[in-house]
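Walk me through this protein, strand by strand and ring by ring. Start with the sheets, then turn to the side chains.

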Amino acid sequence: MDLVGALLQLANFNLDDQRIRQFQCTQTQTVLLLQQQEDSEEEEEETRHHHTSSSNMDYSPIISILVFFLFFVISVCPVAYSLESHNFNQPNQTFKPGEESQKLKMIRAHLMKINKPALKTIQSPDGDTIDCVLSHHQPAFDHPKLKGKKPLDPPERPKGHDPTGILSEDFQLWSMSGESCPEGTVPIRRTSEQDILRASSIRRFARKLRRPIRRDSSNNGHEHAVGFVTGNQYYGAKASLNVWAPRVASQYEFSLSQMWVIAGSFNDDLNTIEAGWQVSPELYGDNYPRFFTYWTTDAYQATGCYNLLCSGFVQTNNRIAIGAAISPTSSYNGGQFDISLLIWKDPKHGNWWLEFGSGVLVGYWPSFLFTHLRNSASMVQFGGEVVNSRVSGFHTSTQMGSGHFAGEGFGKASYFRNLQVVDWDNSLIPLSNLRVLADHPNCYDIQGGINRVWGNYFYYGGPGRNSRCP
């Protein structure tokens, strides 16, 4: 225990020194960037994509000046800087005196809150920095109900779950160098200042915009192709899904494939637990498919977040980094790479656990985070989702899944297979009433089926904009 304490003190010292170096000259850089990104109301978030083109045309003289200034900043400041990652395309904005420094202080404070001291740091080939953080120091334990506690022991698995044939945990780019986090720590993708600056505001960083997920056409830009069950009480779900790297047309769009465990109504009391893979340039700054989790207890308003970016999900695994890039991925008419996910409610303590592969526990969502999900779920969904922002007045060309329609089948279309739910007796059972639905089938579609090998399954996805989807 003395050695751990000494290591932690050393990590704190190194982290403080690193942060001092990291923030040299960021005052000047952030003045430039924050002039492009002022906090806006959610109504402005909905329309900012439509103003992008006109903003770029109206301010060409200012852009020339800013490019010169940016070149100067890069020349004199020892901080890595990327034009591509900061291409916000936001309208030019004016701040009152002192607003820049106040915003910078808020960003720094938020980074200090979510980036915990690391015992070890690993550099990933994709540019990520992975911090090995003591498990009881991860962000979840900032929550008042978890302060001073440690992660729980693994619960009993659902009946009918075969933990044999465990898949390799080396499915992420950061771990392929052979580096790993020590026992007693968890790997956490470090959040950068640039990550927060890409968001519309600190308040909205790492959160989904409030959107209805009801299965109808009024989805406010979010489009789905999903299979779902409803009408019973559900205590978990399991599925395998193949991983792709779909093209995302705009920084403010995403493409994901996931499971939803849902309770409550589709109003302000909606509870969801979500896990899968996503491509989100705004959240991560690149186009890699990444393993992610999400939760909310009030329909995406004020609670919940992605991954470990707030107090919520408790990670227990020291080899999987939530939010890190997945590798390999599936290829068209080639090799298929899929992952298995299981979410279930621990009958003893009521927490919702997440398992990857066949036996690898990732962690859990404490039951106290939720209202309706403290008891059970009323709906389970599987499938894909994209954001269609119609930046140019046309449907987005952001791909869902492989970017190909369901009818192309295995090796070409995306799929979910071996769909199951967990019943009241903590038993995994096949689905008996799976329904499939696509919001815009000319853009993204879905086809379901059942056989002895794959059980309940479906193919889904599509290219987005095409001759039938203008």
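Lys120 has its bridge partner in strand S2, and that partner is Cys132. The model is a predicted one. Strand S2 covers residues 129-134 and runs antiparallel to S1, with four bridges joining the two. Together with S3, these strands make an open sheet of three, in the order S1-S2-S3 and with antiparallel pairing. Strand S1 (120-123) and strand S3 (185-189) are the edge strands, and each pairs on one side only. From one strand to the next, the twist averages 25°.

A general point helps here. Backbone hydrogen bonds pair the strands of a sheet, and the pairing is either parallel or antiparallel.

Now move to another open sheet, this one of six strands. Read across it, the order is S8-S7-S6-S13-S4-S16, and the pairing is antiparallel. Which strands stand at its edges? They are S8 and strand S16 (435-438). Each has a single partner strand, so one side of each is left without a neighbour in the sheet. On average, neighbouring strands here are turned by 15° against each other, direction ignored. Within the sheet, strand S6 (residues 255-263) and strand S13 (residues 377-387) run antiparallel and are joined by eight bridges. Look at Ser257 for a place to check this: Gly384 in S13 stands opposite.

Strand S4 (222-234) also leads to a polar detail. The loop between helix H7 (193-198) and strand S4 holds Ser201. Is Ser201 buried or exposed? Its relative accessible area is 3%, and the cut-off for buried is under 20%, so Ser201 is buried. The side chain of Ser201 reaches the backbone nitrogen of Arg204, at 3.1 Å.

Next, the rings. The structure holds 20 aromatic pairs. One of them joins Phe292 and Tyr306. Their centres are 5.8 Å apart and the planes meet at 65°, which makes the pair edge-to-face. Phe292 lies in strand S8 (residues 290-296), while Tyr306 lies in the loop between S8 and strand S9 (314-315). The two parts are 14 residues apart in sequence, so the pair ties them together. Phe292 counts as buried because its relative accessibility is 0%. Tyr306 has 5% relative accessibility and therefore also counts as buried.

A second ring pair to view is Tyr415 with Trp454. Here the centres are 4.6 Å apart and the planes stand at 40°. Tilted pairs fall between the cut-offs of 30 and 60 degrees, so this pair is tilted. Where do the two residues lie? Tyr415 is in strand S14 (residues 414-422). Trp454 is in the loop between strand S17 (445-451) and strand S18 (455-461). The pair therefore ties together parts that are 39 residues apart in sequence. Both Tyr415 and Trp454 are buried. They also belong to a wider group: ring pairs link Phe410, Tyr415, Trp454, Tyr457 and Tyr459 into a cluster.

Finally, look at charges over rings. Tyr294 has the charged end of Lys208 over its ring, 5.2 Å from the centre. At Phe394, Arg465 lies over the face of the ring, and the distance to the ring centre is 4.0 Å.

How values were computed: Residues are numbered from 1 along each chain as its sequence is written. This is a predicted model: local features need pLDDT of at least 70, side-chain atom pairs count only at pLDDT 80 or more; totals for chains, interfaces and linings use all residues. Side-chain values use heavy atoms; hydrogens and water are left out. Rings of Phe, Tyr and Trp (its six-membered ring) pair if their centres lie within 6.5 Å; planes under 30 degrees apart count as stacked, over 60 as edge-to-face and the rest as tilted. Buried means under 20% relative accessible area, exposed over 50%, partly exposed in between (1.4 Å probe, protein chains only). A charge sits over a ring if NZ of Lys or CZ of Arg is within 6 Å of the ring centre and within 35 degrees of the ring normal. Two strands pair if DSSP finds at least two bridges between them. Axes are lines fitted to C-alpha atoms, for helices over the stretch in contact, and angles run from 0 to 180 degrees between N-to-C directions. A polar contact is a pair of N or O atoms within 3.5 Å; within protein, one must be able to donate a hydrogen and the other to accept it, and residues adjacent in sequence count only if both atoms are side-chain atoms.
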